[in-house]
Amino acid sequence: MKITVAGAGNVGLVTAVCFAEAGHQVTCLDTQKEKIEMLEKGHTPFFEPGLEPLLEKNLASGQLRFSTNPKQAYRGAEIIFIAVGTPEKKDGSVDLSYIYIASYHIAENIENDVIVCTKSTVPVGTNDIIKQILQHRKPRHLNVDVVSNPEFLREGSAIRDFYLGDRIIIGADNPKAASIMEQLYLPFQIPIVVTDTRSAEMIKYASNAFLATKISFINEIANLCEKVGANIDEVSFGMGMDKRIGLNYLQPGIGYGGSCFPKDTKALVQLAGNVLHPFELLESVIKVNQQQHSLLVRKAKERFGSLKGKKAAVLGLAFKPETDDIREAVSLTIIKELLGEGSFVSAYDPIAIPNAHKLLGNSIEYSTTIREAVKGADFAVIATEWDQIKHLPLDTYTAYMKEPIIFDGRNCYSLKDIQRYPITYVSIGRPTIANVAHTPQH
Ligand code: UGA
C-alpha cells in the first residue's frame with residue numbers, strides 16, 4: 001500500500017521504517033528540514049537499537065523516502081498515519097496544535113480517498129475533531145475515514161514491539177476502514193482488537209496509566225519493605241509469580257520517567273477533571289512517583305548531613321537503558337537537587353551525554369567511562385540500569401572512589417555480591433549494606 005507518515009519522531013520514524021520493511025511504499029514527512037536531510041543520508045536523529053540499518057536498507061531499495069513537502073508527501077497516499085508530537089502544556093493538558101496542523105495539511109493536499117490514522121497519543125474525543133477538520137476542508141468529492149490506532153512501542157525495543165506487540169488496537173466508526181486497517185496488520189500475526197474510536201483512545205491512556213500505577217505501587221511497597229525489614233526483590237518476585245499480577249513493571253526504583261508515562265498520566269487526570277471525575281488514584285500515582293525521584297538525594301543527605309562540596313558521580317543519564325532520550329529522566333531531577341545542595345556532579349552515560357549537555361551545559365562534568373566519573377567521588381548515584389553499570393566489576397568503586405558509597409536507584413547489584421566488598425550500599429527496598437574496609441575476597 002501507499003503509506004504516508006506525518007512526523008519523524010520516535011513513533012513516526014519507527015512506523016515508517018517498519019512498514020517499508022514490510023513491503024509498503026512509505027513516505028515520511030516532517031517539518032524539520034535538518035532532520036529530513038539527516039534521514040535521507042541514512043542517519044537517525046535519535047538512538048533506537050536496529051533502526052539505522054533498517055532505515056539504510058529501505059532507503060536504498062526505494063521503499064522509503066522522506067519529505068518536508070505536504071503536497072508531495074500526501075499525493076496518492078492510501079493510508080496516512082499522524083504521528084506528530086503531542087507535548088504537555090503547563091497545566092498538564094495536551095497541546096494538540098501539531099495534530100490540527102497535520103489535519104489541515106492532509107485535507108488541503110489529498111487527491112484521492114484516504115484513511116487517516118492517528119498514532120499520536122491524543123485525549124479521548126480528539127479523533128472526532130480531526131474528522132471534523134478533514135470533513136470541512138477536504139475536497140468534497142473525496143472520502144476520508146478517521147481511525148485511532150494507538151502505539152505501544154517502548155523506546156529501546158520499538159522495532160521488536162512493532163512486529164511482535166501483544167495487540168493492535170483499531171478504533172474505527174466505519175467497519176470498512178477498520179477492515180482495511182486489519183488487512184494492513186494481518187501479516188504481523190498480532191491479535192487485533194477493533195473498537196470504537198473513543199475506546200481506542202482510552203485504551204492507550206489507560207494502559208500507560210496502569211503500568212505507571214504498577215510502578216508507583218511497587219515503589220511504595222519497596223519503601224515499606226525498608227521500614228519493616230523485608231526485601232523488595234523477593235517480595236516483587238513472589239507477587240509477580242501470580243499470573244494475575246505478572247512480573248512485568250514490578251521493578252522498584254527511583255520512579256518512572258521518559259516522554260510518555262509522566263505526560264500521559266497527567267493528561268488523564270486532566271481529562272477526568274474535565275468531565276468532573278476526580279481521578280484520585282492516578283493523582284497519588286503521580287505524587288508517589290515525584291517523591292521517589294528525590295529519594296536518593298534525601299538518603300544521601302541523611303547520611304552525610306550536608307552535601308555541600310561533595311563530589312557525586314551520577315551513573316546513567318538516559319531515562320532508561322538502550323536510549324539516548326533524557327526527557328523527564330530521573331537523573332535530571334537528581335542532578336538539579338545535588339547542584340542545589342552545593343555538590344559537584346560528574347556524570348556517566350554511554351550515549352546520552354550529547355543530549356544532557358544541551359540541557360545542562362557545563363554545570364556538571366561528563367565522563368564517557370564509569371571509572372573517570374567515580375574517580376575521587378564521595379558517593380555514587382545510579383540513575384539508569386545500563387548493562388555497563390550492572391556488569392561493572394565492583395572493585396572499580398573501591399579502587400577509584402574517595403569512599404565507596406553507592407546509592408543505587410535501580411537495584412543493579414545483588415546484596416550477596418556487594419557483601420564481598422568494603423562498600424556502603426544503599427538501594428531501594430532492601431537492607432542497607434555498610435561494610436567496613438577489608439580485603440575483597442575475589
Ligand atoms: C511506554 C510504554 O511502555 C509503551 O507501551 C508506550 O507505547 C510508550 O510509553 C508511549 O506511550 O509511547 P517507554 O516510555 O518507552 O514506553 O518506556 P518503558 O519501558 O515503559 O519505561 C517507562 C519508565 O518506567 C522508565 O523510566 C522505566 O525506568 C520505568 N520502569 C519501568 C520502572 O521504574 N519499573 C519497571 O518495572 C518498568
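Look at A312 first: its bridge partner in β10 is V345. A312 belongs to the pairing of strand β9, residues 311-315, with strand β10, residues 344-348. The two run in the parallel sense, over 5 bridges. Two strands count as paired if DSSP finds at least two bridges between them. In general, strands of a sheet pair through backbone hydrogen bonds, either parallel or antiparallel.

A word on the source. This is a predicted model, where local features need pLDDT of at least 70, side-chain atom pairs count only at pLDDT 80 or more, and totals for chains, interfaces and linings use all residues. Residues are numbered from 1 along each chain as its sequence is written, and side-chain values use heavy atoms, with hydrogens and water left out.

Now the whole sheet. It is open, with 7 strands and mixed pairing. The order is β11-β10-β9-β12-β13-β14-β15. Which strands are at the edges? They are β11 (365-367) and β15 (433-434), and each pairs on one side only. Helices here are DSSP runs of H or I, at least four residues; strands are runs of E, at least two; both are numbered from the N terminus.

Next, the helices on it. Helix α13, residues 295-304, lies across β12 (379-382), β13 (405-408) and β14 (424-426). It runs at about 155° to β13. Helix α15, residues 353-360, lies across β10 and β11, at about 175° to β11. Contact here means heavy atoms within 4.5 Å. Axes are lines fitted to C-alpha atoms, for helices over the stretch in contact, and angles run from 0 to 180 degrees between N-to-C directions.

On to the rings. The model has 14 aromatic pairs. Rings of Phe, Tyr and Trp (its six-membered ring) pair if their centres lie within 6.5 Å; planes under 30 degrees apart are stacked, over 60 edge-to-face, the rest tilted. Take Y163 and F188: edge-to-face, 5.5 Å centre to centre, 85° between the planes. Y163 lies in helix α7 (158-164) and F188 in the loop between α8 (175-185) and β8 (192-195), so the pair ties together parts 25 residues apart in sequence.

Is F188 buried or exposed? Buried, at 13% relative accessibility. Y163 is partly exposed, at 21%. The cut-offs: buried is under 20% relative accessible area, exposed over 50%, partly exposed in between, with a 1.4 Å probe and protein chains only.

F188 also pairs edge-to-face with Y185: centres 6.0 Å apart, planes at 70°. Y185 is buried, at 2%. One aromatic cluster takes in F19, F81, F162, Y163, Y185 and F188.
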